[in-house]
Amino acid sequence: MTFDITKLARPQILTLEPYRCARDDFKEGILLDANENTHGPSFIEMTEAEKDLDLNRYPDPHQQELKSQIINFRNKERTDISETEKLKIANLCLGVGSDESIDALMRDFIVPSKEKMIICPPTYGMYSICAVVNDVEIVKVPLDLETFDIIPKDILAALKKDPLIKLVYITSPGNPTGKKIDEGLLLELLKGIEENDSINALVVLDEAYIDFAPTGSSLCTYVNKHPNLVVLQTLSKAFALAGIRLGITYATPEVSILLNSTKYPYNISNLTSDVAIRATKEASLIETKNKINKIIEQRGIVLEKLLKLKYIGKNRGGLDSNFILIEILNKDLKPDNEIANKVYLTLANEKKIIVRFRGKELGCTGCLRVSIGTAEENAVLVEQFDNVLNKIVEAN
Ligand SMILES: Cc1ncc(COP(=O)(O)O)c(C=O)c1O
């Protein structure tokens, strides 16, 4: 089937005349066209670098420099893409973290209180929150609870049964699973969608943690080959820049045009783009990779030490992310939500070590999600875990 954006997007969005910014018309001269304050800002201890950021001016809505750096390094990660299929600037839309992109896709592609979306539990909680806010019905198609992989035939069956489903949110590596979704299964799903005339849906692949998986794991370079694929990434995780709020959406140009014309024009601040541009330069990417490797090494150490503890069960999740999902056991050596929750609360309240209780997520009974910190933080975590866990289980 040929890809048809008119069957995917909300009709109002297709006909929308995008907002035209003052700077789209003229870029240089005495700029008195955007009601900015040309006297410049006044705040204490302004640095020279901050002065250079033109903070009194609206930011660039298009962010070409940042986008071009991003596509350059992503294109280099995979060699199986033809020259014409490589990522171009037109494939990108930037957002205030990927949370904004998750919401933007619903707003552009799902008619509220009529059309629907799929999530694959256990998964990231924001998809459901955005769905409620946007009045979108959720259809749940669980992951395989043994492998935490998607089941393409189940997703395709749900899509065939209900042509009102417009988006399928898949997280790879998953949260809270930490497991990268098998590429073959994702391609099987995309092929199923491409070959079926009755399905008009986009697969939204949320790759927030992808840089903790082996290099080349991202499918972002596939969006020109598979137009029903949309990939989300963020600088919040591997790039350690959660505070600047920068998310990236990769999509076929037809989808990308809509996302760019419906976003708030100035969503990426001058401060954010300045840091993001520096963080995606060659030298910074090398340093980022070094830190990722340290986290991966520490992940192995933490896991090995925790798995030796008597009341820790198995590593329930995968090893493709910067966290682990471990089972907490009771005296009978069974995963136990009550004990896991007590361990979580005691670690937080008495030891000031905060992990996340995930026991209520599908297939995650008794599970705590532990982010991997620095070597020092991890050493404290392991030591306190042992004390707290033994005391709680023995007392129960
Ligand atoms: C799977 C997943 N997607 C998206 C996000 C949000 O990322 P951002 O900080 O870019 O909004 C998170 C944050 O925890 C996440 O786990």
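How many bridges pair S8 and S9, and in which sense do the two strands run? In this predicted model, S8 and S9 pair over two bridges in the antiparallel sense. Across that pairing, Ile-312 stands opposite Ile-328 in S9.

**The open sheet and strand S9**

S8 and S9 belong to an open sheet of four strands, ordered S8-S9-S11-S10, with antiparallel pairing. At its edges are strand S8 (312–315) and strand S10 (356–357), each of which pairs on one side only. Helix H11, residues 282–307, packs on this sheet and touches S8 and S9. The direction of H11 makes about 5 degrees with that of S9.

S9 also pairs with S11. Five bridges join S9 (residues 323–328) to S11 (residues 367–371), and these two strands run antiparallel. Within that pairing, Glu-327 has Cys-367 of S11 as its bridge partner.

Is S9 enclosed or open to the outside? Buried here means under 20% relative accessible area. Six of the six residues of S9 are buried, so the strand is largely enclosed by the rest of the structure. Both of its faces are covered. On one side the buried residues are Phe-323, Leu-325 and Glu-327, and on the other they are Ile-324, Ile-326 and Ile-328.

**Helix H10**

Helix H10 spans residues 270–279, and its buried residues are Asn-270, Thr-272, Ser-273, Ala-276, Ile-277 and Ala-279. These buried residues pack against helix H4 (64–77) and against H11. H11 is also the helix that packs on the sheet through S8 and S9.

**Nonpolar cores**

In soluble globular proteins, nonpolar side chains tend to be buried together. The largest nonpolar core of this model has 51 residues. Ile-155, Leu-159 and Ile-170 are the residues with the most contacts inside that core. Apart from it lies another core, of 28 residues, including Ile-5, Cys-93, Ile-119 and Leu-258.

Which residues does Ile-170 contact, leaving aside its neighbours within four places in sequence? They are Cys-120, Ile-150, Ile-155, Ile-181, Leu-186, Leu-189, Val-203, Val-204, Leu-205 and Asp-206. One of these, Ile-155, is itself among the residues with the most contacts inside the largest core.

**Backbone features in loops**

Four loop positions carry a backbone feature worth checking in the structure. Two are cis peptide bonds that lead into a proline, and two are positive phi values in residues other than glycine.

| Position | Feature | Value | Loop |
|---|---|---|---|
| Pro-121 to Pro-122 | cis peptide bond | omega near 0 degrees | Pro-122: between strand S2 (116–119) and helix H6 (126–133) |
| Ser-172 to Pro-173 | cis peptide bond | omega near -10 degrees | Pro-173: between strand S4 (165–171) and helix H8 (183–194) |
| Leu-333 | positive phi | near 60 degrees | between S9 and helix H12 (337–351) |
| Lys-352 | positive phi | about 60 degrees | between H12 and S10 |

How accessible are Leu-333 and Lys-352? Leu-333 has a relative accessible area of 49% and is partly exposed. Exposed means over 50%. Lys-352, with a relative accessible area of 64%, is therefore exposed.

**Ser-236**

Where does Ser-236 lie? Its place is in the loop between strand S6 (229–234) and strand S7 (247–250). Because its relative accessibility is 14%, Ser-236 counts as buried. The side chain of Ser-236 makes a polar contact of 3.4 Å with the side chain of Arg-245. Neighbours within four places in sequence left aside, Ser-236 is in contact with Leu-241, Ala-242 and Arg-245.

**Annotated domain**

An unreviewed UniProt entry lists residues 28–384 as "domain: Aminotransferase class I/classII large". Over residues 28–384 the chain is 37% helix and 14% strand. The end C-alpha atoms of this stretch are 60 Å apart.

Notes
Residues are numbered from 1 along each chain as its sequence is written. This is a predicted model: local features need pLDDT of at least 70, side-chain atom pairs count only at pLDDT 80 or more; totals for chains, interfaces and linings use all residues. Side-chain values use heavy atoms; hydrogens and water are left out. Buried means under 20% relative accessible area, exposed over 50%, partly exposed in between (1.4 Å probe, protein chains only). A polar contact is a pair of N or O atoms within 3.5 Å; within protein, one must be able to donate a hydrogen and the other to accept it, and residues adjacent in sequence count only if both atoms are side-chain atoms. Contact means heavy atoms within 4.5 Å. Two strands pair if DSSP finds at least two bridges between them. Axes are lines fitted to C-alpha atoms, for helices over the stretch in contact, and angles run from 0 to 180 degrees between N-to-C directions. UniProt positions are given in the numbering used here, feature names are shortened, and annotations may be inferred rather than shown by experiment. A nonpolar core is a set of buried Ala, Val, Leu, Ile, Met, Phe, Trp, Tyr and Cys residues joined through side-chain atoms within 4.5 Å.
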